[in-house]
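Colleague: I would like to take a careful look at one part of this model, and I would be glad if you could walk me through it slowly.

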Amino acid sequence: MPFDVQDLSGTFSVGDIAIALSLSFVLSAMIGWVYRFTHRNVSYSQSYVQTLVILGMLIALIMLVVGSNIARAFALVGALSVVRFRNAIKETRDVGFIFLVMGVGMAAGTRFYTLAVVAAVAISLIIVVMFRFNWFAANVQRQVVKVQVPPDGGHTEGIQDVLIAHTSEFELVSMESIRGGALTELMYTVRLKKGHEPGQLITALGERTSGQRVTVLTGYDQTDL
């Protein structure tokens, strides 16, 4: 009995494939460059940006395969549901770029070419404008204070007295026993009063910690005693 091989590629032309994959590549690469240009922190990953480009093209390919066939759509959902990703997203902003390239890939794969181009360009311009003019930035300078004290009582109250004198607000965020219980490490978020410097805070705290370590983190700077 001869094999009856049926090629379903005739549901879309070679031109459709070339346009969908090329357009998704160009738009995803543009989004990748926008991500690189607007990235602020030190967590930039070349691999992540390359993944954005690959993801955009892959989604376009998936949409070509699915077409308007509901059965294929459910089959692909079931197949992709077994995939597990264990890499944590470092920034919430990165999730937005993932959904952006997915949306562009879906539009290109379903042959909504104008929608893909207009959406990618418009959203990328909005991202650049928000970066350029620093929208929604909160002008609040906060520091992280880590203090190590002996576990016996009395030190916490003294530290809080110092914080009241030198900061406009503070909050205890963690308390941890370290060095086998020999010391207790307290971590606060604080906002220094106007005219007060981190060095002054460190000196005042050092007088209340029995000579133990005091650390003040200000942005990317770290000051120790």
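Which residues do ring pairs link into a cluster?

Modeller: Please keep in mind that this is a predicted model. Ring pairs join Tyr 35, Tyr 44, Tyr 48 and Phe 97 into a cluster, and the structure as a whole holds six aromatic pairs. One of them brings together Tyr 35 and Tyr 48, whose ring centres are 5.0 Å apart and whose planes meet at 50 degrees; because planes from 30 to 60 degrees apart are called tilted, this pair is tilted. The pair links distant parts of the chain, since Tyr 35 belongs to helix α1 and Tyr 48 to helix α2 (residues 46-66), and the two residues are 13 residues apart.

We can also ask how much of each residue is accessible. A residue counts as buried under 20% relative accessible area, so Tyr 35, at 1% relative accessibility, is buried, and Tyr 48, at 14%, is buried as well.

Helix α1 (14-38), which holds Tyr 35, also takes part elsewhere, for α1 and α4 (92-109) are among the elements that cover the buried residues of α5. Those buried residues are Ala 116, Ala 120, Ser 124 and Ile 127, and, seen down the axis of α5, they fall within an arc of 60 degrees, so they line one face of the helix. On the other side of α5, Thr 114, Leu 115, Val 118, Leu 125 and Arg 132 are exposed, and Arg 132 lies over the face of Phe 133, at 5.7 Å from the ring centre.

How values were computed: Residues are numbered from 1 along each chain as its sequence is written. This is a predicted model: local features need pLDDT of at least 70, side-chain atom pairs count only at pLDDT 80 or more; totals for chains, interfaces and linings use all residues. Side-chain values use heavy atoms; hydrogens and water are left out. Buried means under 20% relative accessible area, exposed over 50%, partly exposed in between (1.4 Å probe, protein chains only). Helices (H or I, at least four residues) and strands (E, at least two) are DSSP runs, numbered from the N terminus. The arc is that of the directions from the helix axis to the C-beta atoms. Contact means heavy atoms within 4.5 Å. Rings of Phe, Tyr and Trp (its six-membered ring) pair if their centres lie within 6.5 Å; planes under 30 degrees apart count as stacked, over 60 as edge-to-face and the rest as tilted. A charge sits over a ring if NZ of Lys or CZ of Arg is within 6 Å of the ring centre and within 35 degrees of the ring normal.
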